[in-house]
Amino acid sequence: MVKHIVCYTFKNAGDKQKAQDILLSMVGKVPQIIEISAKPDFLHSPRSYELALEVTVADKQQLDAYQQNEYHCNVVKAFMHSVVDKAVSVDYEF
């Protein structure tokens, strides 16, 4: 199994809820996803990011397919790139 985690900060605070909604809209549209969550940060520390995406896929090949999925690329990534100020990610096997 592979865990794909991305943390985001936004250009405008008002975009956080729409971003959460669009990330979760991948359910049923991106078949590689086994589990997904998108949750806002509640601590708001100086080092905090505003929203975290956590996606589980079966393996590296499924992660590659997820990264190339048409809906993920054309809808989700397009929107996220338009509203995100900064993002960090980590991918690991478990």
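**Exercise 1. The largest pocket**

Task: State the volume of the largest pocket and describe its lining.

Solution.
Step 1. The largest pocket of this model has a volume of about 240 Å³. The model is a predicted one.
Step 2. Count the lining: 15 residues border the pocket. V6, Y8, K77, M80 and H81 lie nearest its centre.
Step 3. Sort the lining by class. There are 9 nonpolar, 5 polar and 1 charged residues.
Step 4. Assign the lining to elements. β1, α2, α3 and β4 each supply at least two residues. The most comes from α3, with 5 residues.

**Exercise 2. The sheet**

Task: Work out the strand order of the open sheet and identify its edge strands.

Solution.
Step 1. Read across the sheet of 4 strands: the order is β2-β3-β1-β4. The pairing is antiparallel.
Step 2. Look for strands that pair on one side only. These are β2, residues 35-40, and β4, residues 84-93, the edge strands.
Step 3. Take the twist. From one strand to the next it averages 15°.
Step 4. Turn to the pair β1 and β3. Strand β1 covers residues 2-10 and strand β3 covers residues 51-57. They run antiparallel and are joined by 7 bridges.
Step 5. Pick out one bridge: Y8 has L51 in β3 as its partner. Y8 also belongs to the residues nearest the centre of the largest pocket.

**Exercise 3. Helices on the sheet**

Task: Place α1 and α2 relative to the strands, then find what the buried residues of α1 pack against.

Solution.
Step 1. Helix α1, residues 15-24, lies across β1, β2 and β3. Its direction is at about 175° to β2.
Step 2. Helix α2, residues 60-68, lies across β1, β3 and β4. Here the angle is about 35°, taken to β1.
Step 3. List the buried residues of α1: D15, A19, Q20, I22 and L23.
Step 4. Find their partners. The buried residues of α1 pack against β1, β2, β3 and α3, the last spanning residues 70-83.

**Exercise 4. K16**

Task: Is K16 buried, partly exposed or exposed, and which residues does it contact beyond its sequence neighbours?

Solution.
Step 1. Locate the residue: K16 sits in helix α1.
Step 2. Check its accessibility. The relative accessible area of K16 is 21%. Buried requires under 20% and exposed over 50%, so K16 counts as partly exposed.
Step 3. Set aside neighbours within four places in sequence. K16 is then in contact with F10, P40, E50 and L51. L51 is also the bridge partner of Y8.
Step 4. Add a distance. K16 and V84 are 68 residues apart along the chain, yet their C-alpha atoms are separated by 9.0 Å.

**Exercise 5. Two loop residues**

Task: Place P31 and H44 in their loops and classify each as buried or exposed.

Solution.
Step 1. P31 is found between α1 and β2. H44 is found in the loop between β2 and β3.
Step 2. Apply the cut-off: exposed means over 50% relative accessible area. P31 has 66%, so P31 is exposed. H44 has 56%, so H44 is exposed.
Step 3. Check the backbone of H44. Its phi is positive, about 60°, although H44 is not a glycine.
Step 4. Relate P31 to V55. The C-alpha atoms of P31 and V55 are separated by 12 Å, with their positions 24 residues apart along the chain.

Conventions: Residues are numbered from 1 along each chain as its sequence is written. This is a predicted model: local features need pLDDT of at least 70, side-chain atom pairs count only at pLDDT 80 or more; totals for chains, interfaces and linings use all residues. Side-chain values use heavy atoms; hydrogens and water are left out. Two strands pair if DSSP finds at least two bridges between them. Axes are lines fitted to C-alpha atoms, for helices over the stretch in contact, and angles run from 0 to 180 degrees between N-to-C directions. Contact means heavy atoms within 4.5 Å. Buried means under 20% relative accessible area, exposed over 50%, partly exposed in between (1.4 Å probe, protein chains only). On a 1 Å grid over the protein atoms alone, a cavity is a set of points where a 1.4 Å probe fits but cannot get out, and a pocket is an open set with protein on both sides within 12 Å along at least five of seven lines; lining residues have an atom within 4 Å of a point. Grid points are joined across faces, edges and corners, and a volume is the space filled by probe spheres set on the points. Ala, Val, Leu, Ile, Met, Phe, Trp, Tyr, Cys and Pro count as nonpolar, Asp, Glu, Lys and Arg as charged, and the others, Gly among them, as polar.
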